[in-house]
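Biologist: I'd like to go through the terms with you, one by one. Shall we begin with the model in view?

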Amino acid sequence: MAFLSYLISGISLGSIYAIIALGYTMVYGIAKMLNFAHGDVIMVGGYMSFMATTNFGWPPLLSVLFAMGVCTVLGILIEQLAYKPLRSAPSLAVLITAIGVSYFLQNAALLIWSPNPKSFTSIVPFNSIRLFDGKLIISGTTVVTIVACIIIIVSLNTIVNKTKVGKAMRAVSEDKDVAQLMGISVNKTISITFAIGSALAAVAGVLLCSAYPILMPTTGAMPGIKAFTAAVFGGIGSIPGAFLGGILLGVIEILGKAYISTHLSDAIVFAVLIIILLVKPTGLLGKKVLVKV
Amino acid sequence: MLEVNGIHVFYGNIHAIKDVSFYVKEGEIVTLIGANGAGKSTILKTVSGLVRPATGTIKFLGDNIVNLSPHIIVRKRLAHCPEGRRLFSQMSVEENLEMGAYTREDTDIKADMEDVFQRFPILKERRNQLAASLSGGEQQMLAMGRAMMAKPLLLMLDEPSMGLAPILVEQIFDMIAELNDAGTTILLVEQNAQMALSIADRGYVLETGSIVTTGNCTDLLNDKRVKKAYLGG
């Protein structure tokens, strides 16, 4: 029973990682860049929701929508100001810029909200549910997190495969030039991708802070890195990969904490990344890159 | 229909296209022939907007299209079928054709897709298969079908014969002639000078970025220099 409890916790944490990883993978797939500022957009989402509930007194759902709205705008702004001008620059330049944006966001948050940790009130209005005669207790936050992740995955799948916007995203991620020849605006498509990724980051931020209620300017950094790891070992650029990677990573982390060592759990997670990449360099569901000579 | 005047294109410091001017009248098939590296693909990319010229003008149906983005130019019904097919390999045949119709909002898209299938029955058979699984000839047909889905007034084809067996080349060229008969103006870039000059009305010969000869295809076919350089003497 303890194992089941840990497994469910792992899936819940993994759901948060998966939601964050989706942002990394979608942006990589379309703009071929790693948005290292993504983790900090999560943190902004957390703070926005915190402000909405604490300072404005808004109900939970409205706070989440507010956080999503702000992060969507933030994501698009970052793309337009920091990344778009570097579209034809070497990828190292974009990487450095992304790290720069990350530091900028963290320090801006430090200035605005101070380094004192804020206590985040969970957005989940109901308490734990009990199963198997009370032997298994699942917190309300865990349930909401997993359900949110499922909803997001199904919606994203529908958008990417069935809508015109989704087809445009797939086209741009495969061949930018030819996509333009089809009449697709690459700029618009990239902006939409950043918008979706950032909105998801806001959701992840709210869920993360609901589960681990301490909010600081650095709150997004480690989950961001872990989710990036998840996206890579699931196969960077692959949406199912991000989902698989995220869930796996959450499960490995929690099981690692439970059965091996709390201190070593992060090391275990990164060790798993290294092993998987050694065996399958493009990640679990990654595409084999055929280089035609 | 298309007027290109005095364009110069640079790739970094390389002067790839030197003062090129040409025109395509409505209803014609015009071909641009030349050896590998002469700059033929660059010219098409400049017209479709993928590459920006340093100077020069490009007018399509009277409108200046020189600094427009490619996705805007295609909405003016100027389609570019690029070199090497460049299909969306992870999408099915049908999805590729749908992508061709991306700019269209009208209700005839399904009907036009059926037209493409009628013209290229093998594509209908493979309609749900991934584009990557098609043979070279089938891919070329799909690439042309996809370009046609945009219902272009001018269709630019970049080396449609590349990598295809001779019998397929003949089939593809028959298709091109048919498309032209049905009303599409064609600008054809080809290395296969023989085939290109046999179906086109007029031609331009490109050598290292400059146009060296132009004329009716019947004249070009009999031109001594052209024969020696491109038609095997």
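Biologist: How many salt bridges does the rule give over all chains?

Modeller: The count comes to 20 over all chains. D177(A) sits in helix α7 of chain A and R86(B) in the loop between β6 (78–81) and α3 of chain B, so this pair joins two chains. This is a predicted model, where local features need pLDDT of at least 70, side-chain atom pairs need pLDDT 80 or more, and totals for chains, interfaces and linings use all residues; side-chain values use heavy atoms, without hydrogens and water. Residues are numbered from 1 along each chain as written, with chains lettered from A and ligands numbered from 1 in written order.

Biologist: What makes D177(A) and R86(B) a salt bridge?

Modeller: Their closest N and O atoms are 3.8 Å apart. The rule asks for a side-chain nitrogen of Lys or Arg within 4 Å of a carboxyl oxygen of Asp or Glu, so the pair qualifies. Between chain A and chain B there are 5 salt bridges.

Biologist: Which elements give two or more residues to chain A's side of the contact with chain B?

Modeller: They are α6 and α7 (176–181) of chain A, and α6(A) supplies the largest share, 6 residues. By class, that side has 7 nonpolar, 3 polar and 6 charged residues.

Biologist: Why is α6(A) called roughly perpendicular to α3(B)?

Modeller: Helix α6 (residues 164–174) of chain A and helix α3 (residues 93–100) of chain B pack at about 100 degrees, with axes 11 Å apart. Angles of 65 to 115 degrees count as roughly perpendicular, so the label fits.

Biologist: Which residues meet there?

Modeller: K167(A), R170(A) and A171(A) meet E95(B), E98(B) and M99(B), contact meaning heavy atoms within 4.5 Å. They divide into 2 nonpolar, no polar and 4 charged.

Biologist: How much area do chain A and chain B bury between them?

Modeller: About 1900 Å², 60% of it on carbon and sulfur atoms; this is accessible area (1.4 Å probe) lost on being put together, summed over both parts. In chain A, E174(A), L181(A) and M182(A) lose the most area to chain B, together 35% of what that side buries.

Note on methods:
Axes are lines fitted to C-alpha atoms, for helices over the stretch in contact, and angles run from 0 to 180 degrees between N-to-C directions. Helices (H or I, at least four residues) and strands (E, at least two) are DSSP runs, numbered from the N terminus. Angles under 35 degrees count as roughly parallel, over 145 as roughly antiparallel, 65 to 115 as roughly perpendicular and the rest as oblique. Ala, Val, Leu, Ile, Met, Phe, Trp, Tyr, Cys and Pro count as nonpolar, Asp, Glu, Lys and Arg as charged, and the others, Gly among them, as polar. Buried area is the accessible area (1.4 Å probe) that two parts lose on being put together, summed over both.
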